[in-house]
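Let's take a walk through a protein together, one contact at a time. Have the model open beside you as you read.

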Amino acid sequence: MTIRIKGDLGTEKEIFDILVQVARCDPLLTTGRYYADWKVNYAGSKPAAAAAAMLHDLCNNDWSIVIFGYPSDANCPDGTPIISIGGGTAVGRDIELYFDAYDAFYQGYIVDGAQGGTISIPPPVLMVHELSHVYHTVHTMAGKTQMDEEIQAIVVENAFRGQVGLPARKSDSHWGAPGVPSRPSPPFPYCIAPYQGWNCGCHIATAAIGAPSARSIVEFQRAVKEFETWTVGETPLLRPLLDAYQLFGPLVAADVRADPVLRADMLRDVVRPAHQLLRVVRVCLDTPPEDPRVAAEIAHAVTTYRVA
Ligand SMILES: [Zn+2]
């Protein structure tokens, strides 16, 4: 076995999307069902970038690594609230990596910056840090202390920060907490996966709302991923909408980013209604159609939508 994402926590898509960012949308990183879990595959030869190379190594060895993506209010198996650590590792039957899949309720985590003050540690950066702990558990650092391992994790983390243009973390401070950084740093440059997978290309929504980690973007991405294959009879319901969106998304998004008035219009007229539609579909899917009136109501709404 290699890396598995725990499949019964409801966060597997979030975790895989974070790994996609670590690999900078390398299409050779894929996932597939493995019993109740998801196995992470990283095909091809070792990538050049250090963080991706580390992920590639962990996906292609004999160790059993399991990533537990927790909601921000959950506790790790030993009772530690995940929000008090953001991420952590433990060695048991498997090598376990615990991770807050929702970035401290989307507030974000902060750490000490190399230039003083605090800086943000976006989920992909935190993931690189924790993967480095796993990596150094697998490739034993003979004769090294716990502090050496922490310093090494920050070396790897800072290499990734350099790769994506984020400020460096203080090399000897392992402190971290939820919060707002005292030093504003550029947003994490989320890449768009060039393939159909869990990483939807939510171009317009991202440009209109701002930071891709905003709550509505995360919800929006999750909804798109869930519903893009949803069909009634033979009709893929949202596919035509998504096709158009993928086609025009990047072009329109560039204009939206540059024009604040257009940005406000898009947010009001396109993004929020689309988000609302997806939410309605979600509620419908969650409602068991035991009541024939509700079922009829949904069927009518679906027909109206298809006609439109
Ligand atoms: Zn650490």
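How many salt bridges does a search of the whole structure find? The search finds six. Before we look at some of them, keep in mind that this is a predicted model. It also helps to know that side chains of opposite charge can pair when their charged atoms come close.

Start with R4 and D37, whose side chains meet in a salt bridge with an N to O distance of 3.0 Å. This pair links distant parts of the chain: R4 belongs to strand β1 (residues 3-5) and D37 to strand β3 (residues 37-42), and the two are 33 residues apart. Are these two residues buried or exposed? Both R4 and D37 are buried. They also have company, since salt bridges that share partners join R4, D37 and D94 into one network.

Next, find E157 and R169, another salt bridge, with 2.7 Å from N to O. Here E157 sits in helix α4 (residues 146-164), while R169 is in the loop between α4 and β9, twelve residues along the chain from its partner. E157 is buried, and R169 is buried too.

Now move on to K170, which forms a salt bridge with D172; their closest N and O atoms are 3.3 Å apart. What about the surroundings of this pair? K170 has a relative accessible area of 36%, so it is partly exposed. D172 has a relative accessibility of 46% and therefore counts as partly exposed as well. Being buried means having under 20% relative accessible area, and K170 at 36% does not meet that cut-off.

Let's turn to the metal. Which residues are the protein donors of the zinc ion? They are H129, H133 and H174, each through its NE2 atom, together with E150 through OE, and they lie 1.8 to 2.5 Å from the ion. If you trace these donors along the chain, they follow the spacing H-x3-H-x16-E-x23-H. Two of them, E150 and H174, link distant parts of the chain: E150 is in helix α4, H174 is in the loop between α4 and β9, and 24 residues separate them. E150 has a relative accessibility of 11%, so it counts as buried, whereas H174, at 36%, counts as partly exposed.

Why is the zinc site called irregular? The angles among its four donor atoms run from 69 to 149 degrees. A tetrahedral site needs all angles to lie between 85 and 135 degrees, and a square planar one needs opposite donors over 155 degrees apart, so this site fits neither description.

Our last stop is a bond between sulfur atoms. The structure has one disulfide, which joins C25 to C191 with an S to S distance of 2.2 Å. Where do its two ends lie? C25 is in the loop between α1 (12-22) and β2 (29-34), and C191 is in the loop between β9 (176-178) and α5 (203-209), so the disulfide ties together parts that are 166 residues apart in sequence. The torsion about the S-S bond is about 90 degrees, which means the disulfide is right-handed.

Both ends of this bond are tucked away from the surface by the accessibility values: C25 is buried at 6%, and C191 counts as buried at 14%. Two other cysteines are worth finding as you finish. C59 is buried, with a relative accessible area of 3%, and C76 is buried at 4%.

Terms used
Residues numbered from 1 in each chain as written. Predicted model: local features only at pLDDT ≥ 70, side-chain atom pairs only at ≥ 80, totals over all residues. Heavy atoms only, no water. Disulfide = S-S within 2.5 Å. Helix = DSSP H or I, 4+ residues; strand = E, 2+ residues; numbered from the N terminus. Buried < 20%, exposed > 50% of the residue type's maximum accessible area, 1.4 Å probe, protein only. Salt bridge = Lys/Arg side-chain N within 4 Å of Asp/Glu carboxyl O. Donors = N, O, S within 2.8 Å, 3.2 Å for Na, K, Ca; no water. Tetrahedral: all angles 85-135°; square planar, octahedral: opposite > 155°, others 65-115°.
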